[in-house]
Structure formats: structure tokens, C-alpha cells
Amino acid sequence: MFKGISKAIVKASDYAFSSSKNSIVRGDRWTFATERVPYSQYRSAWFAAPADVVRPPLWDGKLINGEDAATLAWNQIDDDVVSTVLATAGRQALKLSAILAAGVALISYPFLMDTWYMLPEFPTWAVESGAYGAIASWSLQATAAMLWTSGSVAISNSWPIALLFPIFWWNAFTAGMQSLWDRISWRLRAPTSDALTLHRLNASNRPSEIKAYGRQVVSAATRKDTKSLILLGKATGIMRNRGNSRSPLEDQMMCLDEESLGKHVLILGQSGTRKTTYIVTPLFKRIINTDFASGRIMGAYVTDGKGVLHKALRPLVPAHKGVTVVGVDEGQFGVDLIAGLDPQMAAAIMFRMAKQLDKRGDDFWSSGASESFYQCAVIAQVLDRDAVALDIMLKEYEARPYSLYGIYKICIDRDLMKDVIKVTRGIFSRDFKEDGSEYSELLKKAKLACRELETGYLEIAKETADGFMVNVKRVFQASFRHDEVKRRFFCGTYPKEKLVEIEEALNGGVVMIAISPNTENEAGLLAAMWMKSRLMSQALWRQKYRPDLIEKYSCCMIADEYQSLITHSEDDDATDTKFWNVGRSTNLFLIAATQSIAAIEMMVKETAAKNLMNNFATKIVLKTDEDDTIEYYTKMMSQSLMAPVSYDDVYANYEEVIRKENHGPEPGPSYQLKFFDGLWLNYFRPSTKPRRSVNLDHVRAMIDQLKPEEQVKAHMDLNKEIREREQKVVEAMKSQARITVDDFGKGEGFALCMVERAGQMRADFVDFEETADL
């Protein structure tokens, strides 16, 4: 009965207060929310943030709009809870009314005795004679008289109880609501250092942080690629506990979206930290098996310094994607490194190789060698179309003229160069026509190249010419000693059915490189670097001339032992130190793994290495003891104010309150009414203020018992004690580095992970082992 009445009362209250000017009183939650948490200031509160970017509702111990944490307790109070408390209070009021009624009944006892004595004497004779009718008549008369007397007394004495019943009900209801509030707000009102001090100290910085987070949430919640996130690992929450509010919560998953992938990933970790097992392999599996929201088809190009990564990654590619393995073993494909490239692009790649090998940092010799290579390549194109010249080159050198080895031979052999110049001029005289055809234009370029070689190489000082030749040899000579690599990659004679174009990776295919410096020495290094540079050059060409393909395809380059494949030039967009910045819009992105920053700096200058590092929006650091790496990331993470436990019952933050077991009542909509709750007036005071760390009410009560002249000094001493306790909280706040040297020694699948997600960087130590098989 009381449950139904209570629900009706709660429902009626909605109508009773529907015209109130107070939005929360009339039940207008939308207006109330816009008043307390306006969208213009707190955008994150108005969107359902994806799980990997959600932050707790407390900022420095208080809600995002500055209200106390205990305000959250209101979320557990709804109409059902209120009606339940109201029904229980009604039963409590009925119980109290019954007790009072019993007391009134005791008051009526003398009147009942008077009525009893006024009754006629009980007919005992009727019992002896069996006259039961007389007995029944007397019993009915006596009962009626007693009931009449009791009713008269109740009517005259118990009507105040009926008037007190709603008062009892209200008093019991307010007592029940106060009990409920005290229970569900208990933990939320625990005193914390961040609410007491950090909230004030960070007051100037917090508005911009809240605005930045709001933009991140809006970006993450409204973009299409939220449904195609790539899992990295499970956060430990360490960085958040160290004062970094942007860092994820404990056990929150850290993820990449398609945009984050496009800004590249760098994985650092010394040898033996299982970079491939914990990070590279799971990451590749998730990327290649994900249907991205952009609709682009994902291809992959896999290369590494050991030539073995393809063995771990090939089984992870879905059946519908073609996988091509490039190498020198049975069943593996070759690549004509120069096929499809024009002489200018081929010379540009050769120039990158020359610069990488020339540690003097002087571009003169590398540039001169590249120019000679270009002119020889132009001539080689003409020779490649002439049957006689082609046959001679095949017989003499087992290579086509327009192949890497064929151009190399023309470039370093002065006598051969003179011969091909003579032959080229003869072909020009025989075949050239002023018809504007592609072949005639090629002949014109070849004739000009002949003259350029004579004036820029054959006729200059022999020492200078030899210097150019030495640079060409430095790039190629050692590489041509490996017969199988030479045959499959450098000569242009390998059967077409056993060749593959690495550009397939840009068209949604999967190309894996199985050669490396470790297995094929200099030949493997040249082939691997040349193919990587060619892929990057083709991506830039596609960006300029075929943007429609960029909208259709993306390509993920996986590069393990990345330091051995790095190319550098301040002017060449197709080298690593420039491409991964200017080439982001090509949709070719990099996941690179190497041992340390020092390993990168060994291959390029320190400044170039730092610029290269800045191109990686996501950085993952496994166990390392290399000083440059530790210093780089320690500075990057900077310092923050820490809020440790300071004294008594003051906690660092609300997360620490949760971790403490058996701390106060369990949260939840439960309550308790004492036996006599409802008899006296109660008030419902839902305070959200943090509890005092030490309850000093009993001290104040004792002070009040002192003499007036003694109370003044006692109160001063007490206030001094309170100020000293508050000062301890402030003093406990200290600025310290968010990460230390010891943090880089965790190992066993734990790594410092800095991820850019929806435009904002987040950092934490992440457990990659636990999610490696997901």
C-alpha cells in the first residue's frame, strides 16, 4: 500500500512543481545541465567519448565545472529510490503511530474497569443448569459495553495520533534520505590532496586543458574511424598517478586511429626486449585485418635489417590479400630496381645512396657522380631499344643497358663510355625524325647526354673525373659481388614471371623483403635501401600525378632495424629525414623499430636525427639503458606536481580512495532508519563538502565548557593546529619528474607509450604482453 501511495506522491510532485522557476525543481534536466555545464565551456560533457579517450569526471579533485566530487552521488538518487525511502518512512510512521495507540489503550484501562463493574452479575446458575442462551446473552452485552467504552475513549483521546501520522512520515522520510545521502556520498566526500591544493594551484592552466580535452572528445566521437581503432596495449595508470591528467586510467586501452597511423609510429628497445613479438607482430596483424572507415584498401611493405621479419608476418595476412616475398631463396621474387623509373628518378635514388655512404658531408662528389649516372642512364635507354647494342651488352656483361649494372658499367669504364657515345650518335643519325614522337624526344636527350658526358666527365681533369667514378663505385661495386642478388635485382635479365613491382604495396598488395645486410651483405643493403627509396619516390609521384589513387589506397611500411635503412638529405623529399614529414598526404606511413636514438644518430647527424624523431607522433620505448634515449624522453615528459598522502585521513586523489579496501560504507542507494526515527524533527542536508580529516567537534565541545577567559586562547590554539594541518597538505605537494631512469628498466612487455589520438598526445606505461594475442 505504502509503495503505491509513495509512487503517486512522487508523481504528483512533478505536476506540483512543473511551473517552478528553478529548472531542477521542475525536473527540467536539460536546462539544468546547460546552466551548470554549458556546452561552450565543457564540450566533453556533451559527447559520448570513445572508451580509449574517456577521462574520469574529476579534474584535480573536483568536477569539470568546479563542483565538489560528492555532487556525483545525486546520480544514484532517482524516483524509484525516493519512492522506496518514502514507503519505508510510511511504514515507520505507522509503527510509531501503533506504539502511541497502544499507549492510549493503556490510558483507557480505568474506564473499562468501571464499565465492567457496572455490568450485571455473571449468571453462574446458567452454567450449572446448562442454560447456554443466558450465558451468550450476557457475553454479548458485556462485549458491546466494553467496545463502546473503548471506542469512546479512542475517539476522545487518539485523534491527535492521526494528526501526528504525516508528521512522523515526513520526519522518517528526511531521516531516511539523510541516511541514504551519507552512505552514497561517503567515499566521494573523503578529503583528498588534489581537491584541497591542486585545484587551486592549477586554476590558471585548467580551463585550457578542459577546452583541449573537449576538442579531442568531439573529434574522436564524431569521426568515422572511431569504429576502426587499432589496439596498442593496456595502460597501467602510472603516469596519471604521477600527476599527468591527460594520461589514461589503469586498465584503459590505448589505441590508434587511421589519422594517428598516418603520423607514423616509432618503437625503441634494446636487443632482446621482444619488440617484434610484443608490438610489431600484433600491430601488423590488427592493421592488415582492419577495414578502415575511410574505405581505403590497406597495403603493406615489410622490410628489416635481418631479412627474417617476413616469416613472422606472412601468416597474419588475410587470404584475400596477395603476399609477395622478395629475396634470393626458392619461390621468392626478384625486382628490376630500375624498371619503370625514368633516368632522373634513378639518379636521385643513386644520389641518396652516395650521400649516405659519403661521411665527409661534401655534396660535390656525390652530386657529380649522380650527374654522370643520370647522363649514362639517358644513353642506356636508347641502347636498350637498339637490338644490336642490346645484344652486345647482354653478351659482354650479362645485363641490359638500362639496368642498374648496365648503367654502372657505362659510368665507370671510360673506354666503354666513349664507345656508347659513338654508338648513340650513330643511332641518332639513323633514327631521328622531327616528328615529335616519344622516341625522337628520347634520342634528342641522348644526344645532349653524350655531349654532357664529354664536357662534364671525359674532358675534365682526370683526378676530378676519377673522384666522381669513385663515388659511383662506392655505391655499387661491393653490391655486385653477390651473383644471385645481382641477377635478380641489378641486371634486368631475370625472367619477368619471377619479377614483382614493389609498387604493388601502394596498390593494396603486401610485399615483404627477405634480403638484408645481415644475409647478403652490401648487396642486400643496396637492394633493400634502393627498393625503400623507390617506394617513397613513387608515393610522391602518385601524390602529384595520381591523387585519385591516394584516395583509394593506403600503405603501411614496417621497418625493423630501421637505422640500417635510413637515408638523409636536407633537399631531397624522398629521404627519411624529409619524406615522413612532407609525404604524410601520400598515405604511406611508417612503423619503425630500432634499438635506440643513438643508433639513428650514428646514421645521420644529431640535428637530422631529432628532426626525424619529431615526425613520429606515436613513440613506444621498451627496456633501454641508452643514455640519449633516456634523456630525450625524460625531458619530453617534463615534471608535474605530485599529491601524495600527507597526513591522517587525507588521500592523494579519489583513485587512491577507491583503492583503499573497507573504507567506509559501500556506495549504493541503501539506507537505515533507527527505531525511533520519525518521532522528532529531522532535516535533509545533502552536503557535498569534503569531510574533515580529523573531527574536532569534541574538542570544541570541551572548549565550550571552559571559563570564558580560557576559551579565547583555546580557540586560538585549535585554529593554529588546523592551519598547520592544512599547511602540511600544501608542503606535501612537490614537483618531480614524471619518469625516471628506473622506469626504462621495467622490460617484460612494459613500455613507455606516447600516443597521439584525436589531436592530443597521451602517455603512460603500457602492458603490451597482456594484449599481444588479442
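A residue is called exposed here when its relative accessible area is over 50%, and buried when that area is under 20%. With those cut-offs in hand, let's walk through this model, which is a predicted one.

Arg 430 is a good place to start: its relative accessibility is 55%, so it counts as exposed. Its side chain meets that of Asp 386 in a salt bridge, with N and O 2.7 Å apart. This pair links distant parts of the chain, since Arg 430 belongs to helix H18 while Asp 386 sits in the loop between helix H15 (363–385) and helix H16 (387–397), 44 residues away. Unlike its partner, Asp 386 counts as buried because its relative accessibility is 9%.

Now look at helix H18 itself. It runs over residues 414–431, and its 18 residues reach 26 Å from the first C-alpha to the last, close to the 26 Å expected at 1.5 Å a residue. Leu 416, Met 417, Val 420, Ile 421, Thr 424, Ile 427 and Phe 428 are its buried residues. They cover an arc of only 140° around the axis, and therefore lie on the same side of H18. Turn to the other side and you will find Asp 415, Lys 422, Ser 429 and Arg 430 exposed. At the start of the helix, a side-chain oxygen of Asp 413 comes to within 3.1 Å of the backbone nitrogen of Asp 415.

H18 also takes part in a second salt bridge, where the side chains of Arg 425 and Glu 454 meet at 2.8 Å, N to O. Arg 425 lies in H18 and Glu 454 in helix H19 (residues 438–458), so the bridge ties together parts 29 residues apart in sequence. Arg 425 is partly exposed at 32% relative accessibility, whereas Glu 454, at 15%, is buried.

For a more local pairing, visit helix H27 (residues 627–637), where Lys 635 and Glu 631 are four residues apart, about one turn of the helix. Their closest N and O atoms are 3.0 Å apart, forming a salt bridge. Lys 635 is exposed, with a relative accessible area of 60%, and Glu 631 is partly exposed at 40%. Elsewhere, salt bridges with shared partners join Arg 425, Arg 451, Glu 454 and Glu 459 into one network. In total, the structure holds 32 salt bridges.

Let's finish with a surface of another kind. Ile 99, Phe 675, Phe 676, Leu 679 and Trp 680 make a nonpolar surface patch of about 490 Å². Of these, Leu 679 is found in the loop between helix H28 (654–659) and helix H29 (697–704), and is partly exposed at 35% relative accessibility.

Terms used
Residues numbered from 1 in each chain as written. Predicted model: local features only at pLDDT ≥ 70, side-chain atom pairs only at ≥ 80, totals over all residues. Heavy atoms only, no water. Patch = residues over 30% accessible without salt bridge, like charges linked within 9 Å, V, L, I, M, F, W, Y side chains within 5 Å. Areas by Shrake-Rupley, 256 points an atom, 1.4 Å probe, with all protein chains shown as cover. Salt bridge = Lys/Arg side-chain N within 4 Å of Asp/Glu carboxyl O. Helix = DSSP H or I, 4+ residues; strand = E, 2+ residues; numbered from the N terminus. Buried < 20%, exposed > 50% of the residue type's maximum accessible area, 1.4 Å probe, protein only. Expected span 1.5 Å × (residues − 1). Arc of directions from axis to C-beta. Polar contact = N/O pair within 3.5 Å; in protein donor to acceptor, adjacent residues only side chain to side chain.
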